[in-house]
Amino acid sequence: MPSVVDMTEDAVTFTDATKTYGPIRAVDGVSLTIPRGQVVALLGPNGAGKSTTINMLLGLTPPDEGTVEVFGGPPDRAVRAGLIGAMPQEARLIPRVRVRELIGFIRRTYPAPEPVTEILATARIADLADRWVDRLSGGQAQRVRFAMALAGGPDLIVLDEPTAALDVESRRELWASMHAYAERGKTVLFSTHYLEEADDNADRVVVIDHGRVVADGTSAEIKRRVGGRVVSFGLGEVPVAGLDRLPGVVAVEIGGGRARLRSNDSDATVRALARDHLIRDLEVTGAGLEAAFLALTAEGAS
């Protein structure tokens, strides 16, 4: 008899999935298919419906309408079979045990777990195996949580804000662990507020706003949807007031001693700046994922 994972080439399928909480429609008719082997970033502002979408995928919350399938069947069946691993945003580790003991305990709860040595290697925590869990740094503890999500040998792993509150080096180490997992042909779905992580690590980006999918494609495709360019320069003596009224400017961001103007006519913007101000350190670049995200979610709010 074929295993659950052999039944379909798709890891995840949402079909017109809807979930309401009283008057609030948290997920509003989402249809989404994720083939096996993709790394997918799920983006959206707070309250957009990301957490409810993830909870339906994990079988924690049933849809009111529509269907959610994981490897061709209901999510709870995939969970019981160990085909899904999850790393929630906040999860306390069991204290007063060593890392190897904790991973060994977790793996024994699954029907076909990975060997401990392989779990430790994939999560890049072999050097932490004999450390007490209570004495780990924040970044080390997060990699242990990732190892716990790998313990059942899942074909799909779901990560909710996996690098929240981590420093740059800890984030880099955790992403190296995730890439090692993805390189084995596994499927990864992660939500994040760090848009550069989605830009750097995802094969595909799905943007949700007000419970609906408002964009779905590669990072490059989503950035092209917004169009325009970003004109940035050192502020110096340039007054901030009035920058939003320059030709072509549709958005202004000020920070770190620089102004960043999103413009749909960068030539006109630069000419006006050069005519009216002494500007320095001028850069003109294509719109980034952050600009595209803000534009897409602003459209959803209108």
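This report describes the aromatic ring contacts in a predicted model.

## Aromatic pairs

In this predicted model, the count of aromatic pairs comes to 2. One of them joins Phe146 and Tyr181, whose ring centres lie 6.5 Å apart and whose planes meet at 85 degrees, so this pair is edge-to-face, given that planes over 60 degrees apart are placed in that class. The contact brings together distant parts of the chain, since Phe146 belongs to helix 5 (residues 138-150) and Tyr181 to helix 6 (residues 168-182), with their positions 35 residues apart in the numbering.

Trp175 and Phe190 also form an aromatic pair, again edge-to-face, with 4.8 Å from centre to centre and 75 degrees between the planes. Here too distant parts of the chain are linked, with Trp175 in helix 6 and Phe190 in strand 7 (residues 187-191), 15 residues apart.

## Burial of the paired rings

Phe146 has a relative accessible area of 0% and is therefore buried, because the cut-off for that class is under 20%. Its partner Tyr181, at 1%, is likewise buried.

In the pair between helix 6 and strand 7, Trp175 is buried with a relative accessible area of 7%, and Phe190 is buried with a value of 0%.

## A charge over a ring

A contact of another kind involves Arg171 and Tyr194: the charged end of Arg171 sits over the ring of Tyr194, at 3.8 Å from the centre of that ring.

How values were computed:
Residues numbered from 1 in each chain as written. Predicted model: local features only at pLDDT ≥ 70, side-chain atom pairs only at ≥ 80, totals over all residues. Heavy atoms only, no water. Phe/Tyr/Trp six-rings, centres within 6.5 Å; stacked < 30°, edge-to-face > 60°. Helix = DSSP H or I, 4+ residues; strand = E, 2+ residues; numbered from the N terminus. Buried < 20%, exposed > 50% of the residue type's maximum accessible area, 1.4 Å probe, protein only. Lys NZ or Arg CZ within 6 Å of the ring centre and 35° of its normal.
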